[in-house]
Amino acid sequence: MSRIIVVSNRLPSPRSSAGGLAVALTDCLSATGGVWIGTSEDIATEPGQRLRPLDETESLFVKMGFDLTRQEHENYYLGYSNSVLWPVFHGRADLMDYREEYDISYHALNARLAAMIAGLLRPGDLLWVQDYHFLPLAAELRRLGVSNAIGLFLHIPFPDTNDLQVIPDHVELLRALLDYDLIGLQTQRDVNAFLGSCRTCAGAELMIDGSVSAFGKRTAVASFPIGIDTEGFALEASRTLPPRHVEDPERQHLIIGVDRLDYSKGLPQRFLAYERLLETHPELAGRVSFLQIAPPTRSGLRAYSEIRAELERLAGCINGAHADIDWTPLRYIHRALPREQLGSLYRRARVGLVTPLADGMNLVAKEYVAAQDPENPGVLVLSRFAGAAEQMTEALLVNPHDRGAVAQAIHRALRMPLGERRARHASLMRKLLEEDITWWSTTYLKRLRDTVWHRKIVTAQ
Ligand code: ADP
Ligand code: F6P
């Protein structure tokens, strides 16, 4: 029987629950079963040559892990993946730190992983590769003679051509991408950016069926906006009691933000917008409270320690200037919380603030809406630069760089009449229920199967 084999850098684990990819694919594979391959959390002294089953027995799917060496963690993960691809793909080419040793390690890891996976594959298996850590994986597998269907889903934005060209080996990256049968992107904007880069950098031809042809290869490309387990999340949020010590809802309106502490999430801009709200609406003193949960991520990289220091400074300044003996305007928690607790906090919050400067999708935006009480829902203030903005048009869409506009949107959300809140929420929920995580994975996998089927017919003619 054909299996679904998912490959991602990170496997789900109780120690690292934050991150859209791990959350979304746990939901998906729990429904379909299959094999999930990713990095173990152990550090090896020598590059491992075999995948090993990870013994977490309660799982509904098989997890296979490979160990990274300390050097691979630094060069492949922190280096090429998160100091070259991540900043460039999020419009921060200025933060790119390209080094040859990063490039070599990234390609060597992909080649090694391809060899390990090739030994495991059976005919008919579908391989579904996740994210920017493995852009050259299909090319490496093809080199080894693997002819199985291989799809890629990119969880982060695809950059504009000018940004992409900052990466020294960008043409090689594009050439490698064309070895996938199907490239899935989050939004239509990403599809256009990808096709634009293929045309400009590789003279690619765009075919009427939406595929792209270059380097003598052809790949299908389409957007598949990732969803969440909407029903499950809504149910859990409605059942879980809010943690104690959350202020009395009659007295204070809660505004909530939940993000990994990443520079792409626009957190300093968000703090400053909140300060603008306090300055322009002094009547809100003592009546609103902003809770920002921002767990650490990718520690060891300067860009991340810098953003942390900046945020701590801003939180101190804002509280210093505005707090009172019985009121803390801004609470900032620098650690992950259990997911059940997140749901009930979202439900308690009158405003969900999701204001990234760039984001592939942003699942927090979807979780916030799903967690609301339909009878008395809160309002989502959403950056137009989050992939989610393409679907979630009934949120209050904002430019996260414009702190006056964000402050105004928060104010509007706080004052929004119940009827309007209900109507916006109902319409957002309809889409979230239609295009949930199961829709995402089944639509993607069906398209992958169809693409390969079509390729076989064309080759046979
Ligand atoms: P990204 O993939 O860039 O981290 P997303 O918003 O798409 O951003 O996904 C983040 C996921 O991680 C969400 O499912 C969210 O619930 C979870 N998450 C984020 N912050 C925390 C936290 N502090 N505690 C627990 N889970 C978190
Ligand atoms: O969704 C984007 C993403 O980079 C995922 O690939 C990743 O799992 C998540 O954000 C968190 O990042 P990291 O795995 O580096 O902690």
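Helix α11 is a good place to start: the cover over its buried residues includes α8, β11 (253–258), β14 (351–354) and α12. Please keep in mind that you are looking at a predicted model.

Which residues of α11 are buried? Helix α11 spans residues 339–348, and its buried residues are Leu-342, Gly-343, Leu-345, Tyr-346, Arg-347 and Arg-348. You may like to find them in the structure before reading on.

**Helices that meet α12**

Two of the helices named above, α8 and α11, each cross α12, and the table puts the two pairs side by side.

| Helix pair | Angle between axes | Axis distance |
|---|---|---|
| α8 and α12 | roughly 55° | within 8 Å |
| α11 and α12 | about 70° | 8 Å |

Let us take α11 with α12. The axes of these helices lie 8 Å apart at an angle of about 70°. Angles of 65 to 115 degrees count as roughly perpendicular, so α11 is roughly perpendicular to α12. The crossing of α11 and α12 is right-handed. On the α11 side, Gly-343, Tyr-346 and Arg-347 take part, and they meet Glu-367, Tyr-368 and Ala-371 of α12. Sorted by class, this contact holds 3 nonpolar, 1 polar and 2 charged residues. Notice that Gly-343, Tyr-346 and Arg-347 also appear among the buried residues of α11.

Now for the other pair. Helix α8 covers residues 230–239 and helix α12 covers residues 363–371, and their axes cross at roughly 55°. That angle makes α8 and α12 oblique to each other. Their crossing is right-handed. Helix α8 contributes Thr-230, Phe-233, Ala-234 and Ala-237, while α12 contributes Glu-367, Ala-370 and Ala-371. The contact of α8 with α12 has 5 nonpolar residues, 1 polar and 1 charged.

**The sheet**

Next, turn to the strands. In what order do the 10 strands of the open sheet stand? The order is β3-β4-β2-β1-β5-β6-β7-β10-β9-β8, and the pairing is mixed. Strands β3 (52–53) and β8 (205–206) stand at the edges with a single partner strand each, so each has one side without a neighbour in the sheet. In general, strands of a sheet pair through backbone hydrogen bonds, in either a parallel or an antiparallel way.

Strand β3 is joined to β4 (residues 62–69) by 2 bridges, and the two run antiparallel. To see this pairing up close, look for Arg-52, which stands opposite Gly-65 in β4. Helix α2 (residues 70–89) lies across β1 (4–10), β2 and β4, and runs at about 95° to β4.

**Three residues to look up**

Asp-42 is in strand β2, which spans residues 35–44. Is Asp-42 buried or exposed? It counts as exposed because it has 12 C-beta neighbours inside 10 Å. From Asp-42 to Asp-450 there are 408 residues in sequence and 38 Å in space, C-alpha to C-alpha.

Asp-131 sits in the loop between β5 (126–130) and α4 (137–143). Its phi is near 80°, a positive value in a residue other than glycine. Asp-131 counts as buried because 20 C-beta neighbours lie inside 10 Å.

Arg-298 belongs to the loop between β12 (288–293) and α10 (302–322). Phi of Arg-298 is positive too, near 50°, and this residue is likewise not a glycine. With 17 C-beta neighbours inside 10 Å, Arg-298 counts as partly exposed.

How values were computed. Residues numbered from 1 in each chain as written. Chains lettered and ligands numbered in written order. Predicted model: local features only at pLDDT ≥ 70, side-chain atom pairs only at ≥ 80, totals over all residues. Axes fitted to C-alpha atoms, helices over the stretch in contact; angles between N-to-C directions. Helix = DSSP H or I, 4+ residues; strand = E, 2+ residues; numbered from the N terminus. Parallel < 35°, antiparallel > 145°, perpendicular 65-115°, else oblique. Left-handed = near helix turned anticlockwise from the far one by under 90°. Contact = placed C-beta atoms within 7 Å. Nonpolar A, V, L, I, M, F, W, Y, C, P; charged D, E, K, R; others polar. Pairing = 2+ DSSP bridges.
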